[in-house]
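Could you walk me through a protein model, one feature at a time, and show me how each feature is read?

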Amino acid sequence: MDIGIWALVISFMYSKSIQNLIDAFRKLPSVGQRTAERFVFYLLKSGKKEVGEITLSLKELIDNVKSCETCWDFSDHNPCAICNNKTRDQSLLCVISEPQDIPVIERTDIYNGLYHVLRGAIEPGAEEEWEKIKLKELFKKIRNKEIKEIILALNLDLSGETTMLFLEKKIKELNPEIKITRLARGLPMGSDLQYVDEITLGSAIKNRIGR
Ligand SMILES: [Zn+2]
């Protein structure tokens, strides 16, 4: 290929509006250049009505959804419906990594306590970076006498394990009276809670083991 053709290839670019949206989609998790391009051209072909609906949903998301400052789930209300529900067991707290884990556990119909969402996990070897996730907020709750048991329900991968070990140590230091449990064995190693079926997860919660 001579230099002239190369110049032509690298100078090819989408129109600015198309390129901007491709760049925006590429910021989403697991979306690479090809997928971002597919999304943009799908939208261009599908027309104004469909794009309008997506635009409206995005606007509602930004306008209405906020953080519940008690459990750190996302909700239309602060505090959210679960934190506000006094019929739930206030002495039981389930610690999870992501907001998406809450509906997964709720669907098992086994758990009736409260939640705390860490919004992430500690990477192995990065324990000193624990303040990046919602741990300070959790430590405040741990000092509260009302909590009798904390269930550590993080993903069974390296960062989940690192976070659970860190938490076990911290909880024992801050309030040794709290019972610490983990989900029962039987969940596949490396598994993300969101991909575990309800029956397996339900039984892992019911048969949780003390630490
Ligand atoms: Zn909440």
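The dialogue below goes through the sheet, the helices that lie across it, the helix pairs and two details of the backbone.

Q: Before we begin, what kind of model is this?
A: This is a predicted model.

Q: How do strands come together in a sheet, and what is the strand order here?
A: Strands of a sheet pair through backbone hydrogen bonds, either parallel or antiparallel. In this model, an open sheet of five strands follows the order β4-β3-β5-β6-β7, and its pairing is mixed. The strands at the edges are β4 and β7, each of which pairs on one side only.

Q: Which way do β3 and β4 run with respect to one another, and how many bridges join them?
A: Strand β3 (residues 89–96) and strand β4 (residues 113–117) run parallel and are joined by five bridges. To find the register, look for individual partners: Leu-93 has Leu-114 as its bridge partner in β4, while the partner of Cys-94 in that strand is Tyr-115. In a regular strand the side chains alternate between the two faces of the sheet.

Q: What does β3 pair with on the β5 side, and which residue of β5 is the partner of Leu-93?
A: β3 and β5 run parallel and are joined by four bridges, and the bridge partner of Leu-93 in β5 is Ile-150. Leu-93 therefore has a bridge partner in β4, namely Leu-114, as well as one in β5.

Q: How do I follow the sheet from β5 onwards to β7?
A: Strand β5 (residues 149–152) is joined by four bridges to strand β6 (residues 179–182), and the two run parallel; within this pair, Ile-151 has Thr-181 as its bridge partner. From β6 to strand β7 (residues 209–210) there are two bridges, and here the strands run antiparallel. In that pair, Arg-182 stands opposite Ile-209 in β7.

Q: What is the hand of the crossover by which the chain passes from β5 to β6?
A: The chain leaves β5, passes through helix α8 (residues 158–174) and reaches β6, and this β-α-β crossover is right-handed. A second unit of this kind is made by β3, helix α6 (residues 101–106) and β4, and that unit is right-handed too.

Q: Which strands do α7 and α8 lie across?
A: Helix α7 (residues 135–142) lies across β3, β4 and β5, and runs at about 150 degrees to β4. Helix α8 lies across β3, β5 and β6, and runs at about 170 degrees to β6.

Q: How do α7 and α8 meet, and what is the hand of their crossing?
A: For a pair of helices, it helps to take the axes before the residues. The axes of α7 and α8 come within 10 Å and cross at roughly 35 degrees, and the crossing is right-handed. Leu-135, Leu-138, Phe-139 and Ile-142 in α7 meet Phe-166, Leu-167, Lys-170, Ile-171 and Leu-174 in α8. By class, this contact has eight nonpolar residues, no polar residue and one charged residue.

Q: At what angle do α2 and α3 cross, and how is that angle described?
A: The axes of helix α2 (residues 16–26) and α3 come within 8 Å, crossing at roughly 125 degrees, which means that α2 is oblique to α3. The crossing is right-handed. Among the residues that meet are Phe-25 and Arg-26 in α2, and Gln-33 and Glu-37 in α3. The contact as a whole has 10 nonpolar, one polar and two charged residues.

Q: What changes when I turn to α3 and α4?
A: Helix α3 (residues 33–46) packs with helix α4 (residues 48–64) at an angle of about 120 degrees, and their axes are 6 Å apart; α3 is therefore oblique to α4. Tyr-42, Leu-43 and Ser-46 in α3 meet Lys-48, Glu-50, Val-51 and Ile-54 in α4. These residues divide into four nonpolar, one polar and two charged.

Q: Which peptide bond is cis, and where is its proline found?
A: The peptide bond from Asn-78 to Pro-79 is cis, with omega near 0 degrees. Pro-79 is found in the loop between β2 (74–75) and α5 (81–84).

Q: What is the phi of Trp-72, and in which loop does this residue lie?
A: Trp-72 is not a glycine, although its phi is positive, at about 70 degrees. This residue lies in the loop between β1 (66–67) and β2.

How values were computed:
Residues are numbered from 1 along each chain as its sequence is written. This is a predicted model: local features need pLDDT of at least 70, side-chain atom pairs count only at pLDDT 80 or more; totals for chains, interfaces and linings use all residues. Side-chain values use heavy atoms; hydrogens and water are left out. Axes are lines fitted to C-alpha atoms, for helices over the stretch in contact, and angles run from 0 to 180 degrees between N-to-C directions. Angles under 35 degrees count as roughly parallel, over 145 as roughly antiparallel, 65 to 115 as roughly perpendicular and the rest as oblique. Contact means heavy atoms within 4.5 Å. Ala, Val, Leu, Ile, Met, Phe, Trp, Tyr, Cys and Pro count as nonpolar, Asp, Glu, Lys and Arg as charged, and the others, Gly among them, as polar. Two strands pair if DSSP finds at least two bridges between them. A crossover is right-handed if, with the strands pointing away from the viewer, the path from the first strand over the helix to the second runs clockwise. A crossing is left-handed if the near helix is turned anticlockwise from the far one by less than a right angle, and right-handed if clockwise.
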